[in-house]
Amino acid sequence: MNKVVVTGIGLVTPLGFGLENSWKNLLESRSAVKPDKEYHGILSARINNLTVPDEVRLVSLAFLAASEAMKESDPETYEKFGCTVSISKPNLATSKSNELRFSDIFLQSTVNEQLCRIFKLQGPTRNIVAACATGTDSVILGAEWIKHGICDMVLAGSCESSFHPLYIAGFKQMGVLAKNKVCPFDKEREGFAVGEGAGILVLERKDRALLRGARIYGEILGYSMSNGAVNPVSFDPAGNVISQSIRQALEKANFVNLDYINAHGTATKLNDLIETRAIKNVFKDSAKNISVSSTKAATGHLLGASGAIELVFCFLAIRDKMIPPTLNLDTPDPECDLDYTPNKARNKLIRTAMSLSFGFGGQIGVIIVGNN
């Protein structure tokens, strides 16, 4: 089967426009999480300087990220260039009312198709819906297309904006939104802050990328997709299904030694504890030697876009030999006892990294990447 590498990356996050801006602010321990002026009593992470009509907000986020990712691409042909840039739900922010119009669904469900027209991509196009694992699963689908010869290149990732009364009310009802601070793995953690953004990668057949002398950020070594099959909004307390998913990804990656894990780390009481248990189930005593961090205290929880953006952070961690920090980790939870890189980025040689994504409905996505 073909090997898959990443030859282009684009980011738009609450931390900044563009790959380097977002990454620089993350490493400098800056956070975009602030009290939300519209939804009082919660925290959020908005992209305030994106001045476009609400009805094209998602398409704009996707276009900005895709344009940056495509800058380094030099495809010989577009016939086998696929596109799976997904959204996990329609952008209800197009209407301040609680009514969902047909135009809302049409405009936001065609992000893939619009990107294909803009960049003249003639390969397959699919939108994956997997809640907060949407971006991760989209990259996995793109990698499968390349591995099996369906595509030579794929534009893959996700975008999301979830600022609408219906979505916010749902999250508040579930009790998963932070009021005071977002502090993953901290004893005082209380939940996440809703964010928005886009993360898009150009995947390419490795031999093709080498032949054209492309800049290669790293290789996709292994991955897995599964479902918790326990509860719509939680996983088994022991973390066994997540552990199984990690093992499957490790098997595909020929059981590489991991240097870094970008945890899903939502700062909710159950998720952080279950994720910690799952990591310890797999790596046993060596789990404490693996650097871990959650970047959601900096970016907010970007929901459907989180998996793709956090995978980008894994590639950048490898490139720059830097572990991004887990912000606001001041009071360690005795039950969350791994090396979570509290508050400050850390220099470290990173050869392999893993991104974990979990979504409502039991969705689990795992991707392992390494330097080429």
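Which element provides the largest share of the lining of the largest pocket? In this predicted model, that share comes from helix H9, which gives five residues. The largest pocket holds about 390 Å³ of space. Its lining is made up of 23 residues, and those closest to the centre of the pocket are Val176, Val233, Thr268, Asn271 and Phe360. H9 and E13 are the elements that give two or more residues to this lining. By class, the lining of the largest pocket comprises eleven nonpolar, nine polar and three charged residues.

The second largest pocket has a volume of about 320 Å³. It is lined by 17 residues, of which Ala32, Lys34, Arg46, Ile47 and Asn48 are the closest to its centre. Two or more lining residues are given by each of strand E2 (16–17), strand E3 (34–35) and strand E4 (43–45). The lining of the second largest pocket divides into six nonpolar, six polar and five charged residues.

Helix H8 spans residues 240–252 and has 13 residues. The distance from its first C-alpha to its last is 19 Å, close to the 18 Å expected at 1.5 Å a residue. The buried residues of H8 are Val241, Ile242, Ser243, Ser245, Ile246, Ala249 and Leu250. In an α-helix there are 3.6 residues a turn, so residues three or four places apart point the same way. The buried residues of H8 pack against two elements already named for the largest pocket, helix H9 (269–283) and strand E13 (352–359). Strand E8 (218–227) and strand E14 (363–370) also pack against the buried residues of H8.

Lysine 252 belongs to helix H8. With a relative accessibility of 52%, lysine 252 counts as exposed, because the cut-off for that class is over 50%. Apart from neighbours within four places in sequence, lysine 252 is in contact with Leu221, Gly222 and Tyr223. The C-alpha atoms of lysine 252 and tyrosine 223 are 6.7 Å apart, although 29 residues separate the two along the chain. Just after H8, asparagine 254 adopts a positive phi of about 60 degrees.

Helix H11 covers residues 306–320. Its 15 residues should span 21 Å at 1.5 Å a residue, and the end C-alpha atoms are 21 Å apart, so the two values agree. H11 is mostly covered, with 13 of its 15 residues buried. Lysine 321 follows H11 and has a positive phi, near 55 degrees.

Positive phi values are also found in the loop between strand E11 (322–323) and strand E12 (346–347), where asparagine 328 is located. The phi of asparagine 328 is near 65 degrees, a positive value in a residue other than glycine. Asparagine 328 has a relative accessible area of 27% and is therefore partly exposed. Asparagine 343 is placed in the loop between E11 and E12 as well. Its phi is positive, about 70 degrees, although asparagine 343 is not a glycine. The relative accessible area of asparagine 343 is 25%, so this residue is partly exposed.

The structure contains zero disulfides. Cysteine 83 takes part in no disulfide, and the nearest cysteine sulfur, that of cysteine 116, lies 4.3 Å away. A disulfide requires sulfur atoms within 2.5 Å, so this pair does not qualify. Cysteine 83 is buried, with a relative accessible area of 0%. Cysteine 336 is likewise in no disulfide; for this residue the nearest cysteine sulfur is that of cysteine 183, 11 Å away. Cysteine 336 is buried, with a relative accessible area of 4%.

Lysine 120 lies in the loop between helix H4 (111–119) and helix H5 (134–147). The relative accessible area of lysine 120 is 54%, and the residue is therefore exposed. Not counting residues up to four places away in sequence, lysine 120 touches Tyr78 and Leu115. Lysine 120 and phenylalanine 358 are 238 residues apart along the chain, and their C-alpha atoms are separated by 33 Å.

Note on methods. Residues numbered from 1 in each chain as written. Predicted model: local features only at pLDDT ≥ 70, side-chain atom pairs only at ≥ 80, totals over all residues. Heavy atoms only, no water. Helix = DSSP H or I, 4+ residues; strand = E, 2+ residues; numbered from the N terminus. Expected span 1.5 Å × (residues − 1). Buried < 20%, exposed > 50% of the residue type's maximum accessible area, 1.4 Å probe, protein only. Contact = heavy atoms within 4.5 Å. 1 Å grid on protein atoms, 1.4 Å probe; cavity = no way out; pocket = protein on both sides within 12 Å on 5 of 7 lines; lining within 4 Å. Points joined across faces, edges and corners; volume = space filled by probe spheres on them. Nonpolar A, V, L, I, M, F, W, Y, C, P; charged D, E, K, R; others polar.
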